[in-house]
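Student: Could you take me closely through one part of this chain and then place that part in its wider setting? I would like the reasoning spelled out wherever a classification depends on a cut-off.

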Amino acid sequence: MTDSILIHNCTLAVTAADTLREDGWLLTRGDTIAAIGTADTRTQAETTEATTIIDAQGKMLAPGLINGHNHCAMTLFRGLADDLELAAWLTEHIFPAEAAHVNEEMVYHCSKLAAAEMILSGTTSVADGYFFEGQAARAFVDSGMRAVAAQGVIDFPAPGVPDPAGNLEAAARFLDEWQDRNPRITPAIFAHSPYTCSAATLQGAKRMAMERQVPFFIHAAESRQEQEMIREPRGTSPVRHLAALGLLDPDTICIHGIWLDEEDLDLLAQSRAGVIVCPQSHLKLASGIAPVSAMLKRNIRVGLGTDGCASNNSLDMFREMDILSKTQKLHTLEATSLSARQALRCATSSNAEILGLGKTGQLLPGYKADLILLDMQQPHLSPCYNQDLLVYGASGADVRSVIIDGRLVMHDKKILSFDVEDTMREVRRLAGAICEHQGRNRG
Ligand SMILES: [Zn+2]
């Protein structure tokens with residue numbers, strides 16, 4: 001018998017734009033939303049079909065959030081080096097820590113820890129990019145999450161790819177291993193940036209992504225230093241550099257998109273490349289504020305992510321939506337520049353579309369059953385007039401239950417898909433090795 005979950009007695013937030021509906025119900029069938037409605041439209045058939053029934057009195061049922069950019073395994077480096085400029089943070093702290101501590105075991109356990117944090121805070125899909133990405137993909141499979149898992153490509157010796165001459169072969173091996181392997185995992189390629197990858201590497205990586213029909217990610221236009229590094233030898237901007245190499249198209253996803261001029265914006269709009277912004281990482285590394293409202297006005301496809309948690313340091317997408325909207329208001333000095341609904345759309349249906357996740361990010365029949373239930377009977381969520389409250393009032397801690405691909409992976413705040421205590425124990429053990437290593441280096 002196909003598993004089927006009936007959730008009833010809840011408030012429905014069907015899409016980012018829709019009005020909330022009271023006395024709602026939703027029925028899943030296998031991995032899909034079979035039907036949705038309000039009490040007056042429900043028949044006995046829904047109850048008969050359901051193998052699990054959840055009475056969601058006092059709760060809001062919403063689409064699971066999608067984290068458009070993460071380096072999940074970096075949970076190990078959370079809080080290791082705070083309050084630094086991007087260049088110093090990367091070259092003096094993050095790259096050396098990665099060289100010393102990233103291995104297959106680390107990527108598996110630390111990505112699983114990230115999955116726990118994301119599930120607990122209502123994120124059902126993530127776009128991840130890292131090294132040993134096969135281990136990250138394994139962690140997403142074991143945790144029950146949906147993921148776009150992208151193998152990192154960089155022209156430096158990297159974890160698992162000691163000789164950068166082999167970086168594209170490593171990406172090809174990853175795709176060989178993960179294409180068509182698990183319906184929840186979309187493998188992809190992540191070229192680190194225009195300043196850490198040569199033109200040949202960038203074009204080779206993009207060609208491979210096109211041949212295999214997988215998404216292609218790249219960090220671009222993140223900092224002023226990056227702009228200068230590209231302008232000096234090439235006399236151009238990071239986005240123009242990527243466009244000139246033929247890299248911009250609807251299957252390319254640029255991460256950050258902060259330092260963009262008018263011509264860059266035109267190129268992003270014409271090419272239909274996606275842009276994922278990570279406002280908290282941008283604030284913490286003082287990278288700048290991405291011109292999101294200007295991008296949306298030009299119909300550039302914009303989504304939202306947290307970035308790795310060494311530069312955020314939280315993976316809570318509710319917090320990210322709130323900061324996205326408020327930083328745009330401050331940036332433009334216009335309170336209307338980016339609404340709560342637009343932020344919610346960035347974190348749900350826009351991310352789904354940009355990442356090629358198909359029918360996810362909305363509560364509609366035929367869409368994937370990726371759902372979250374929030375406890376609305378709390379002082380800070382009372383009263384609730386509309387779903388703006390999800391952006392400006394709610395936090396990940398308000399999520400009580402999570403269904404991904406039709407499977408209940410968290411119920412009443414307990415993760416059912418794997419042993420989180422065990423994962424935390426493993427990550428603490430790995431963190432202990434970092435402390436020892438640092439002690440030795442200082443000594
Ligand atoms: Zn990143």
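**Helix α7 and its setting**

Tutor: A good place to begin is the cover over helix α7, since what covers the buried residues of this helix includes α8, residues 238-244. All that follows concerns a predicted model. Helix α7 itself runs over residues 224-234, and within it E226, Q227 and I230 are buried. Viewed down the axis of α7, these buried residues fall within an arc of 100 degrees, so they line one face of the helix. The other side of α7 has a contrasting character, for there E228, E232 and P233 are exposed. Just after the helix comes G235, which takes a positive phi of about 65 degrees.

Positive phi values also occur elsewhere in residues that are not glycine, and two of them are worth setting side by side. F132, which is not a glycine, has a positive phi of about 50 degrees, and its place is the loop between β7 (123-130) and α4 (133-143). F132 counts as buried because 25 other C-beta atoms lie within 10 Å, where the cut-off for a buried residue is 20 or more. R272, also a residue other than glycine, has a positive phi near 65 degrees, and this residue sits in the loop between α9 (262-271) and β12 (274-277). R272 has 15 C-beta neighbours inside 10 Å and therefore counts as partly exposed, the class between the buried limit of 20 or more and the exposed limit of 12 or fewer.

The backbone has further local features in the form of cis peptide bonds. One joins N312 and N313, with omega about 10 degrees, and N313 belongs to the loop between β13 (301-304) and α12 (317-332). Another joins S382 and P383, with omega about -10 degrees, and P383 is placed in the loop between β14 (371-375) and α14.

Turning to the wider setting, the domain assignment divides the chain into domain 1, made of 5-63 + 363-412, and domain 2, made of 65-354. The C-alpha centres of domain 1 and domain 2 are 29 Å apart, and the contact between them takes 21 residues from domain 1 and 23 residues from domain 2. On the side of domain 1 that touches domain 2, α14 (388-392), β15 (399-404) and β16 (407-411) each supply at least two residues, and α14 gives the most, with 4 residues. Sorted by class, that side of domain 1 has 13 nonpolar, 4 polar and 4 charged residues.

The interior can be followed through the largest nonpolar core, which has 132 residues, and of these L61, A73, A149 and I189 touch the most other members. Helix α3, residues 104-120, gives the most to this core, with 10 residues, and the core draws at least three residues from each of domain 1 and domain 2. Setting aside residues up to four places away in sequence, L61 touches I7, C10, L12, A13, G24, L26, A56, L363, L371 and L373.

A second residue with a contact to A56 is H8, which lies in strand β1, residues 5-12. With neighbours within four places in sequence left aside, H8 is in contact with W25, D55 and A56. H8 has 22 C-beta neighbours inside 10 Å, so this residue counts as buried. The C-alpha atoms of H8 and G37 are separated by 9.4 Å, although the two residues are 29 residues apart along the chain.

The chain as a whole can close the account. Its secondary structure comes to 15 helices and 17 strands, and buried residues make up 52% of its 443 residues. Among contacts with a separation of 6 or more, 72% are between residues 24 or more positions apart. Along its principal axes the C-alpha trace spans about 70 × 45 × 45 Å. For 443 residues a compact globule would have a radius of gyration near 22 Å, and the 21 Å of this chain therefore agrees with that expectation.

Notes:
Residues numbered from 1 in each chain as written. Predicted model: local features only at pLDDT ≥ 70, side-chain atom pairs only at ≥ 80, totals over all residues. Arc of directions from axis to C-beta. Contact = placed C-beta atoms within 7 Å. Core = buried A, V, L, I, M, F, W, Y, C linked by C-beta atoms within 7 Å. Domains from an automatic or database assignment. Nonpolar A, V, L, I, M, F, W, Y, C, P; charged D, E, K, R; others polar. Rg over C-alpha atoms; globule rule 2.2 N^0.38 Å.
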